[in-house]
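Thanks, everyone. Let's take a quick look at this one on the screen.

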Amino acid sequence: MKPAPFAYHDPRSLEDALDLLAEHAEQGKILAGGQSLLPLLNLRLAYPEHLIDINRVADLSGVRRRDGVLRIGATTRQSTLERSPLIAEGWPLLSEAIRYVAHPPIRNRGTVGGSVAHADPTAELPVAFTALGAKAHVASKRGRRVIDLADFFITHLTTALAEDELLVELEVPPLAPGTGHCFTEFARRHGDFALGGVATLVTVDPEGACSRAVIVLLGAGPTPVRAEQAEAELIGPQIDSKRAASAARLAAELVEAGEGSEVSKTYRKKLIGSLTRQAIETAAARSREESAAAIGQTPAPRES
Amino acid sequence: MEKRRVEIEINGEVYTAEVEPRLLLSDFIRYEAGLTGTHVGCEHGVCGACTVQLDGDPIRSCLLLAVQAAGRQVRTVEGLTQGLPEGELHPLQQAFHETHGLQCGYCTPGFLTALEPLLLREQMPSDEEIREALAGNLCRCTGYQNIFKAVKLALRRVQSERAAAPLQEGGD
């Protein structure tokens, strides 16, 4: 099938894009990477009357670090994120998560902002950015605002963006020293939509005690799910398998999705519980490496 | 809906047409440019049969509007044999032929354009990396084993040629 007819606009400036968005808010759709939108158009599951192509809008893409804070332009290609040494060094959770997103040809067009704004319940980037405590910078003709990602996802395919608002940038704080990460998911075939997944961050102090933990579940519900009780379980002395397992059990209790979908809720609970336990152990091991590296970075002067 | 005039360079040649914005790049390539090597399978991005290269990067041509490719460079499967002597195949094509990596051939152009960048790698990718590179293209005929073999064969040949090349420069 082919898309239904639409009027096509390709603004060159953010101002023009926002004008168009304000004018066509109701019957318009933003076209960024198009890797989620074009399938909907081709299958005629969506037929907006206006398409606002933002790929040629200046200064909307790019990966920058300013004062330790990561700033990613909304139309940055997912493959750019994947190849970024800056991100691999400072925010490796993103580098790990991005490799699970579909396949390279999809990542060559798909955008970082697009994935977040589309808010598919099984998307990887919303979960990873939520775990990192990211903020969404959003613009409209009415002005700009910043939305914490914890408040950004309302339900499946629905975000806090108003009809006339455009996501322009994601801001990500630096990771504390001694923080280990793990992103993992399970899909039937590599690149398929995930049946379940998790993003984990574990921070340890120089003695190895866990001072902070973040666990965000993928596929547990219509939005990324923060497993706060599971996180609290991990705070304390060095994480061992027993605590990882009990935290994972607490996380699994939050899994609601499954009724009427391709796998049952029981399956999802077991899957996400299992993945969470693995992720906690991996993140904990990495956090100990990070902590050791942080100490090792200030070597004592050598006697010659 | 208003038509737009677009110019798209495909395999080094510029094709111009008045098109509806909703015309997919895959259809522009097949109907406006007459290059039917690019195939359309699922038309929603999952099968990979329509894969072409846009400014060197493999993409799904069914998920790009032709108007979005205006002024860009596209490379399709037909571009693989450009500049080669009559009858000679691109190393990937030759390898697919030798390992019987195709039967009906419907998925093959998509595999070739998606895999070509892999041949630029300096080091031999691991088996896992090769499998990952294949993961975005579906094949109903072969069961993938021979396609995997084709990729390894092509990689080995290209890499050994590259390793041999400096010796041919010959110093004094």
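How far is the sulfur of B:C107 from the closest cysteine sulfur, and why is there no bond? Keep in mind that this is a predicted model. The closest cysteine sulfur belongs to B:C139, and the distance is 3.8 Å. That is too far for a bond, because a disulfide needs the two sulfurs within 2.5 Å. B:C107 itself is buried, at 12% relative accessible area.

Next, B:C141. Its nearest cysteine sulfur is that of B:C104, 3.7 Å away, and B:C141 is in no disulfide either. B:C141 is partly exposed, with 34% relative accessibility. Across all chains, the count of disulfides is 0.

Now the nonpolar cores. The largest has 38 residues. Within it, A:L94, A:F129 and A:L149 touch the most other members. The top contributor is helix α8 of chain A, residues 124-131, which supplies 5 residues. Take A:L94. Its contacts include A:L125, A:A128 and A:F129, along with A:L70, A:I72 and A:L81. A second core lies apart, with 32 residues. Among them are A:L31 and A:L37, plus B:F28 and B:C50.

Last stop, an arginine. A:R109 sits in the loop between α6 and α7 of chain A. Is A:R109 buried or exposed? Buried, at a relative accessible area of 4%. Its contacts in chain A include A:A32, A:G33, A:N55 and A:R77. In chain B, A:R109 touches residues including B:L54, B:I59, B:Q68 and B:R72. A:S79 is 30 residues from A:R109 in sequence, but the C-alpha atoms are 7.9 Å apart.

Key:
Residues are numbered from 1 along each chain as its sequence is written. Chains are lettered from A and ligands numbered from 1 in the order in which they are written. This is a predicted model: local features need pLDDT of at least 70, side-chain atom pairs count only at pLDDT 80 or more; totals for chains, interfaces and linings use all residues. Side-chain values use heavy atoms; hydrogens and water are left out. Helices (H or I, at least four residues) and strands (E, at least two) are DSSP runs, numbered from the N terminus. Buried means under 20% relative accessible area, exposed over 50%, partly exposed in between (1.4 Å probe, protein chains only). Contact means heavy atoms within 4.5 Å. A nonpolar core is a set of buried Ala, Val, Leu, Ile, Met, Phe, Trp, Tyr and Cys residues joined through side-chain atoms within 4.5 Å. Lists of a residue's contacts leave out its neighbours within four places in sequence.
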